[in-house]
Amino acid sequence: MKFFQKEISLNPQKRGFHLITSEILSQISTEIQSINIGQLQVFIKHTSASLTINENADPTVRVDFESYINTFVPENEPYYKHTYEGADDMPAHIKSSLFGASVTIPITNGKLNLGIWQGIYLCEHRDYGGSRSVVITAFGN
């Protein structure tokens, strides 16, 4: 079994849902080419951003995700106690927990085995989240 791991910094993004599949692949494509059957795990080291897999073709899907999640988890609610980092901070923590900190994708014959319309999203839940660190781990035979 082979194991490869890298920690990378993603380019800073504005609040919203952003495709990062190519950014991830640019960092580990050589390594996964040597894996016939395995998995790629992408883990984000933050509590106010998250990862998910969804539609990679139509950018309006990402806009709709942002609109929905902001309605589902609004800012400035009177019951929030954690407010000293700004109105977007506590909602960002909640959103991050809802989406999760990692995604796992099968590797088949040296390539990610995503569906034709699937891509990896960085879900940036802060107005100014900055660069985000992710650990990418590929393993398999």
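Select Thr30 to begin, in what is a predicted model: with a relative accessibility of 59%, above the 50% cut-off, Thr30 counts as exposed. The residue belongs to helix α1, which covers residues 21–32. Keep Thr30 displayed and add Gly110, which is 80 residues away in sequence, although the two C-alpha atoms are 8.8 Å apart in space.

Next, colour the strands β2, β7 and β4, which in that order make up an open sheet of three strands with antiparallel pairing. Which strands stand at the edges of the sheet? These are β2 (16–19) and β4 (49–55), and because each has a single partner strand, one side of each is left without a neighbour in the sheet. If you look along the sheet, neighbouring strands are turned against each other by 35 degrees on average, with direction ignored.

Now select β2 together with β7 (residues 118–124), since this antiparallel pair is joined by four bridges. Within the pair, show the side chains of Phe17 and Cys123, where Phe17 stands opposite Cys123 of β7.

From the sheet, move to helix α2, residues 59–72, which lies across β2, β4 and β7 and runs at about 150 degrees to β2. Helix α2 also contains Phe72, a residue that counts as partly exposed because its relative accessibility is 49%, under the 50% limit for exposed residues.

To finish, keep Phe72 selected, add Tyr68 and Leu98, and switch to a surface display: these three residues form a nonpolar patch on the surface, and their accessible area together is about 360 Å².

Conventions:
Residues are numbered from 1 along each chain as its sequence is written. This is a predicted model: local features need pLDDT of at least 70, side-chain atom pairs count only at pLDDT 80 or more; totals for chains, interfaces and linings use all residues. Side-chain values use heavy atoms; hydrogens and water are left out. Two strands pair if DSSP finds at least two bridges between them. Helices (H or I, at least four residues) and strands (E, at least two) are DSSP runs, numbered from the N terminus. Axes are lines fitted to C-alpha atoms, for helices over the stretch in contact, and angles run from 0 to 180 degrees between N-to-C directions. Contact means heavy atoms within 4.5 Å. Patches are made of residues with over 30% relative accessible area and no salt bridge: like charges are joined within 9 Å, nonpolar side chains (Val, Leu, Ile, Met, Phe, Trp, Tyr) within 5 Å. Accessible areas come from the Shrake-Rupley method with a 1.4 Å probe; for residues, only the protein chains shown count as cover. A salt bridge is a side-chain nitrogen of Lys or Arg within 4 Å of a carboxyl oxygen of Asp or Glu. Buried means under 20% relative accessible area, exposed over 50%, partly exposed in between (1.4 Å probe, protein chains only).
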